[in-house]
Each structure stands twice: as structure tokens, then as C-alpha cells.
Amino acid sequence: MNKQNLLLVLLIALFSVFFTESSYAQEAKEDTAATTADIGDIEFTTVGSKEDSIANSKIPASKETAVDTVTNKATTTAATSEPTSLWVTFGLGLLAGLAAFFLPCIFPMVPLTVGFFTKRAESKAKGIRSAIIYGLSIIVIYVGLGIIITLIWGASALNQISTDGFFNVFIFIILLIFGISFLGAFEIMLPSSIVNKLDAKSDSKGLGGIFFMAATLAVVSFSCTGPLIGTSLVAINTDLLTPIVVMFGFSLSLALIFTTFAIFPSLMTGLPKSGGWLNSVKVVLGFLELGLSLKFLSTADLAYHWGILDREVFLAIWIVLAILLGVYLLGKIKFSHDSDLPYISVPRFFVAVASFVFAVYLIPGLFGAPLKAVSALVPPLATQDFVIGEGSGTASHGDESGKKKKYADFLHIPHGIDGYFDYEEALAYAKEVNKPLFLDFTGHGCVNCREMEARVWSDKEVLKRLKEDYIVVSLYTDDKTALPESEQFYSQILKTQVNTVGKKFQHLQAERFGTIAQPYYVLLDTEEKELVSPPIGVEFNIDAYLGYLDKGLTEFANKK
């Protein structure tokens, strides 16, 4: 395999990870969690967990012919949902490790590593043993780092602050720095004294020397691996196992590659020579990191209503980045450390075309196109100033009597659904018109919520029921708008002062339904009794979702 084909395979893998982040989110255990609360020993039901999936499977589909299919699918999901999320996390780590191998900080070290073991090996058997120990040392070092991250942050600390504005701005700045670094503006290096000490210890005999050789690899390559590891950790939902699983997948990729070449040095003849193409891989990663960083700034912008990164601004930046990436791959832009490009290889040309196609796909979004493929990552359509035609639309700010709805001036419901944003207000109106309540516990930073709205709520039958048969109330549990002092209180269940709109509805969700994960959909009658129990969370099967809504309507009709 020549270097162009290796580059093509790598870039396809990276584009798949970046632009299907929302697909991964479908299988995560939870998306948006408590932002500042210390929930202690309280046990909450996790949306997307095995128990929740089983509950979903018990809800009949709206069409009789689809009941068995939906139930079987839901049961299968219930049996595999938890392992799948960890496997996807592990896979992300593997891909990050594979990408790291083709960076200029690591790839040129392959001959040095092979030479190290060739000189030390007194026999082939000892050489193989040393190579295996070297690979295991790489895994131990990176997994140990994952354990340290877990111990420092706690089992769910990153989830608890995942919608905090300042935390998201901090992550945005970090990824921005990583991206600019990959473009060649500067190198992120550890102190040279640490590198020199580890390098000196690697010359010692025995297992210690092998371990310090692996440690030297980790430290020397930090300028490349640091951004990749950091991006992998913040790009996914973090719980107790995430840092460990990501680090294991990352280190396993590197360990298998280096160990294989150390055992079979002849395989090195099939590797492409080091050169400018390595820096091209690094630059492509830089563009991807710059694009991903905007997601975190957007989360903070939506939660605090700063209005600095509306949908069209977000998309415009992505379009420019995609075009610049395509132009770079065609050799029209040259960064530092880039070599001259005498010709454009066919794989590189097609990757450039893919970048231009992605940019063209995004352009209609500037005028209100839904862009379902990236709807979970970009800001909602409600933040867009200019929309041609109906688009997804948002409802009016007033009810039928003309009274302004609470929080409607800064919160929105997609697809023109004329709903509410305050529980008590929605309940009062539901009693007035004698319709059931549809509680939508959501969040500005909830990827699954945006995916559900784009893929499920947009279905004409689902939308018909939400618009005509239910009183919809979207409760944003991560909104940072301050509550009037008269409405503030201390939440015993969240162990924190409820002083924002988000905490108000987060408290309601935790107290009434024992969960703090979003999305979470609850059907209530006018007496605040659950029509279908238990409620459901992420459910991308439209028939199953319709079955849930229809069962709620049936139960409500029976209670009249």
C-alpha cells in the first residue's frame, strides 16, 4: 500500500468519526446531565440504559403490522445498548491511535524503535518478548493516564459540567489551540528535561529500559498525541470508564503497530518513506479540530443566550473551513513544514472533492435547509435570522388569548410546534383545553435531543400528534437564565441552589421522575398522572415513538 492510499484510508476514517458524532450519541447512556449539582448517592434511571430500552420495547407500535418488528428491535437494543456504547468509545480510541501513528511526531520513530530492539535482542525469542513488553508498556502508560484523569475528575464530573458555559468555552479554546498547532503555527511540547531523563533511562538493560523507551515515545510524541487524546475525550459523553476505554483503544493501536514492526522488521519495507505527506495528515486533523471546537462554543452560546454564534455564522465558518481544506489538499495553500507538491494523487484529489461536496451540502443551510446529517452538531434553526420558505420554523410567543408565554422570548420549539416552556403554565392550559401534556425534557447542549427533533419529530404523523393532540412543553434543563429571587429555592435532591431556569426544570425532572438525562419524554393527564409508564428517552424508531404517543392518547381518552 503506497502512501497515498494510506492517507486516503486515514482521512476517510477521520471524516467518518467527525461527521457521525451524532450517530454515536444515539447509543450513549446519557447526553445532558446535571451541570453543577452534586447528586450524591441518589440513583437515577439512565435514559438509553438497558432498563430504559426494555421499557421502550413494551410500548406497542401504532401500526399492528409493525408491533413485532419494533418489539424485537427494541429488545435487541436492550440487550446490546450498554456494550455498544463502550465499543464505540473503544473504537474512537483505536481510530485516534491509528491517526496518531501517521503523524510526523510518531511515524519517523518506527525505524528507531526497530533498531532499538534489533541491537538488544540476543535471540529471536528474546527479541519477541522484549517487543511484547514494549507494547504492553505503551498500554500501561496511556491507560494509567486515563485512570488518573478519572480519579481527578470523578466518575461523572465531566458530564456534570458538560453544559457549563465557562467549561465549554475553555474546551473551545483548548481545541482551537490544538487545531492551530496542527496547522503548524507552533508545537505543543513537554519540558525537554523530562524527555532527556526518560531517554537516558531507556538505555538501561532489563525491563526498566524497555518501559522507559515506551515512556519516551509517549513524551516525545505529546505534541501530536496530546491534541488527539484531548479531542477524543471531550468529543464524547464522559463517564467513569470513558477515559480508561479511550486510552486503552488509543494505546492498543500504537502498541500493536510498534510491536508488529519490532517483531517483523521486514514489514518496514512496505511503509512509505517519511516526508511532506505526514504533515498533510497533521494539517487535515487541524482543520477537523477547528470545526469541532465550534460545537463547544455553540453549547455555551445557546445556554447563556449570548447570540455570538447563530446557525448561519456557525455554518458559514464550517463552509469556509471545508473549502480551505479542499484547496489545501489540491496544493493551492501551503503551511509551514509542507513540502512542495509536484502532482495531485488520485486519492488526495477525491478527498479534496469530498471536502468541496460537504461545503456545497452546507450552503442551503444558510437559507433554512434542515441539514439532517449534521443537525445534532449545528445550532438549531431558531437561531437563524433568515429562512426561505417555512423551514423548520418556530411557534409564536403568545398563546391563543394573546398572552405572552413564559420564557418564549429566548426559548424555542422546532417545526412550528406551538408549545410552552414552563410546566405550570402548560399544565394550566392543558386543563383549560382538556388535552394531555407532552413533557420534553431537553437541553441546549443535548446532541440526542437535536437528533430526535430532526429525525423523529419531523415525521408528518409524529408532528401531527404533537401539534394537534398534545400540549407540548419543552423544559430546558441546562438554560442559564437567572430566576427572579422570589422563585429561587434550595433543591434537596440536587443539593444545590436553584437559581436558573435550567436548574428549575432539572429539579422537577429529578424529583418527579428520578432521572437527570435528556432527552426524556413524559405523557401526563390533566391531573399530572403518567399516561404511559415508564416514560421513554432516545427512540429513533418512528413507529415505536408513534406507538408511545398513541397509547398516551388512548389512556387519556379512557380517563375522560
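These are brief notes on ring pairs, charges over rings, a disulfide and a helix packing in a predicted model.

1. Aromatic pairs overall. The structure holds 17 aromatic pairs. Two of them are taken up below, one tilted and one edge-to-face.

2. Y420 and Y429. The ring centres of Y420 and Y429 are 5.4 Å apart. Their planes meet at 35°, so the pair counts as tilted. Stacked would need planes under 30 degrees apart, and edge-to-face over 60. Y420 is buried. Y429 is buried as well.

3. A charge at Y420. Y420 also has a lysine partner. K405 lies over the face of this ring, 4.7 Å from the ring centre. So what does Y420 bring together in the model? The tyrosine pairs with Y429 on the one hand, and has K405 over its face on the other.

4. F438 and W457. Here the geometry is edge-to-face, because the planes stand at 70° and the cut-off is over 60 degrees. The ring centres are 5.8 Å apart. F438 and W457 are both buried.

5. Where that pair sits. F438 belongs to strand β1, residues 437-442. W457 is in the loop between α17 (447-455) and α18 (460-468). The two residues are 19 residues apart, and their pair links distant parts of the chain.

6. The wider cluster. Which residues form one aromatic cluster with F438 and W457? They are Y470, Y521 and Y545. The edge-to-face pair of F438 and W457 is thus worth viewing with these three tyrosines displayed.

7. R455 and F540. A second charge over a ring is found here. The charged end of R455 sits over the ring of F540. The distance to the ring centre is 4.4 Å.

8. The disulfide. How many disulfides does a search of the whole structure find? One. The bond joins C446 to C449, with S to S at 2.1 Å. The link is right-handed, with 80° about the S-S bond.

9. Burial of the cysteines. Are C446 and C449 buried or exposed? C446 has a relative accessible area of 0%, so this cysteine is buried. C449 is at 1%, so this one is buried too. The cut-off for buried is under 20%.

10. Helix packing. Helix α14 (residues 311-329) packs with helix α15 (residues 346-362). Their axes are 8 Å apart, at an angle of about 160°. That makes the two helices α14 and α15 roughly antiparallel, because the cut-off is over 145 degrees. The crossing of α14 past α15 is left-handed.

Technical notes
Residues numbered from 1 in each chain as written. Predicted model: local features only at pLDDT ≥ 70, side-chain atom pairs only at ≥ 80, totals over all residues. Heavy atoms only, no water. Phe/Tyr/Trp six-rings, centres within 6.5 Å; stacked < 30°, edge-to-face > 60°. Buried < 20%, exposed > 50% of the residue type's maximum accessible area, 1.4 Å probe, protein only. Helix = DSSP H or I, 4+ residues; strand = E, 2+ residues; numbered from the N terminus. Lys NZ or Arg CZ within 6 Å of the ring centre and 35° of its normal. Disulfide = S-S within 2.5 Å. Axes fitted to C-alpha atoms, helices over the stretch in contact; angles between N-to-C directions. Parallel < 35°, antiparallel > 145°, perpendicular 65-115°, else oblique. Left-handed = near helix turned anticlockwise from the far one by under 90°.
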